[in-house]
Amino acid sequence: MSSTNLPTVCIIGAGPSGITTAKRLQDHGIPFDCFEASDEVGGNWYYKNPNGMSACYQSLHIDTSKWRLAFEDFPVPAEWPDFPHHSLLFQYFKDYVAHFGLRDKITFNTSVDHAERGDDGLWTVTLSTGETRAYDALIVCNGHHWDPNTPDYPGQFDGTLMHSHEYNDPFDPIDMRGKNVVVVGMGNSGLDIASELSQRFLAKKLTVSARRGVWVLPKYLGGKAGDKMSAPAWMPRSLSLALSRRFLRKNIGTMEGYGLPKPDHQPFEAHPSASGEFLGKAGSGDISFKPAITALEGKQVRFADGSAEDVDVIICATGYRISFPFFTDPNLLPDSRNRFPLFKRMMKPDIDNLFFMGLAQPMPTLVNFAEQQSKLVAAYLAGKYLPPSPSEMQSVLAADEKYYLGPYYESPRHTIQCEFDPYVRNLKKEIADGGKRARLAGNALPVPARALQNA
């Protein structure tokens with residue numbers, strides 16, 4: 001089938017999800033345009049990205065080992081350390097684009113300001129240049145670590161309150177030497193920033209504030225990268241969780257042993273927080289802990305235990321909202337609890353030509369998550385995959401939500417949790433099943449190519 005008979009596609013974003021999706025469409029001869037608001041690929045891994053959407057800070061190392069993050073068709077360099085610095089990831093993505101000849105397919109310094117689906121099913125896309133284009137399908141790859149979720153505390157604060165999204169290093173955007181700093185949140189960014197600022201000659205006092213205790217996992221276990229020690233595919237989840245929890249308690253101990261609050265949940269009932277430094281810093285007294293902030297009182301911050309402390313800087317490592325600023329249709333936006341359920345984490349059952357890539361918080365890796373998803377999308381657009389009926393998609397979606405979210409306590413931060421290995425196994429089965437459905441339907445294109453015909 002020639003490319004002129006295949007649907008035309010708009011890809012929003014050239015971060016890791018966007019470029020691997022573009023590569024897969026190119027492999028299938030599917031015509032596409034990819035629009036990137038920045039001047040380079042890499043998205044979140046582009047330090048000081050001029051589009052303002054990167055959450056990357058200078059000292060950032062990925063918490064997924066090189067063994068798990070690599071694209072399957074483009075291995076990472078063998079000489080890389082186990083947990084590479086963000087600059088290596090950024091170069092890796094640029095090399096990926098060069099290797100597969102994708103750069104000319106990406107329009108840089110151009111954002112999608114608005115996207116709307118017409119009654120005929122076509123997507124009308126308005127670009128930042130003012131140009132309007134029509135496409136048969138839309139693929140959203142704009143990421144979910146760029147719209148900061150900053151708490152709204154009662155009271156007035158005389159110091160500096162910022163989100164970790166703004167944090168670049170201990171001297172940027174403000175010099176934090178000799179300051180009393182509170183880091184809010186114990187996710188990966190919060191642990192990294194707290195560990196960095198607690199070093200001698202930096203923050204005068206470093207306090208971590210959180211509503212609840214968390215389990216902090218080391219990056220290495222038994223001399224190996226922790227995410228290499230995954231359970232075998234045949235093992236039931238209940239047994240795998242039990243063994244993993246037993247192993248952690250035996251080898252890490254309790255969080256209280258490091259001077260941290262006791263978590264109110266089991267290991268892996270929350271998205272894991274991993275750090276190679278934090279537990280040692282906490283146990284050494286370099287990091288102190290306070291419960292949630294309840295009020296801002298000028299130069300002081302009051303906490304849930306009734307205490308108040310002088311504070312110069314508050315850094316809120318409090319996560320991000322799922323946002324699609326180019327959509328105005330409420331049906332295409334998450335609800336007030338940050339929930340946005342999708343079939344196979346990609347499709348809304350009632351819309352046959354819209355796909356969301358990389359919109360998940362998978363364990364252990366996100367970088368090549370969309371690479372796996374792109375296999376279904378490309379097969380679908382080429383007429384080699386057909387999804388089940390919308391009602392069946394909704395049933396599968398509900399079952400998947402129950403499976404993937406079931407182990408986690410209810411929270412806006414857990415609405416897109418996913419386990420990478422089971423997800424990929426299920427995705428492969430769905431692609432095979434969808435291939436059979438497509439053959440029975442005569443491999444007709446589920447998304448007809450109309451945009452060029454109507455141009």
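**Exercise 1. How many disulfides does the structure hold?**

A word on the ground rules before we start. This is a predicted model, in which local features need pLDDT of at least 70 and side-chain atom pairs count only at pLDDT 80 or more, while totals for chains, interfaces and linings use all residues. Residues are numbered from 1 along each chain as its sequence is written, and side-chain values use heavy atoms, with hydrogens and water left out.

Step 1. Take the criterion: a disulfide is a pair of cysteine sulfur atoms within 2.5 Å.

Step 2. Try C10. Its closest cysteine sulfur belongs to C34 and is 8.1 Å away, too far for a bond.

Step 3. Try C34. The nearest cysteine sulfur is that of C141, at 7.1 Å, and C34 is in no disulfide.

Result: the structure holds zero disulfides. As an extra, C10 counts as buried at 0% relative accessibility; buried means under 20% relative accessible area, with a 1.4 Å probe and protein chains only. C34 is buried too, also with a relative accessible area of 0%.

**Exercise 2. Find out whether the length of helix α7 agrees with its number of residues.**

Step 1. Locate the helix: α7 covers residues 369-381, 13 residues in total. Helices here are DSSP runs (H or I, at least four residues), strands are E runs of at least two, and both are numbered from the N terminus.

Step 2. Work out the expected span, which is 1.5 Å times one less than the number of residues. For α7 this gives 18 Å.

Step 3. Compare: the end C-alpha atoms are 19 Å apart, which agrees.

Step 4. Look at the surroundings. Because 12 of the 13 residues are buried, α7 is largely enclosed by the rest of the structure. Just after the helix, G383 takes a positive phi of about 80 degrees.

**Exercise 3. Classify two aromatic pairs that involve strand β21.**

Step 1. Set the rule: rings of Phe, Tyr and Trp (its six-membered ring) pair if their centres lie within 6.5 Å; planes under 30 degrees apart are stacked, over 60 edge-to-face, and the rest tilted. The count comes to 26 aromatic pairs.

Step 2. F327 and F356 sit 6.4 Å centre to centre with 70 degrees between the planes, hence edge-to-face. F327 lies in the loop between β20 (313-316) and β21 (354-356) and F356 in β21, so the pair ties together parts 29 residues apart in sequence.

Step 3. F355 and Y380 have ring centres 5.5 Å apart and planes at 75 degrees, so this pair is edge-to-face. It joins strand β21 to helix α7, parts 25 residues apart in sequence.

Key
Buried means under 20% relative accessible area, exposed over 50%, partly exposed in between (1.4 Å probe, protein chains only).
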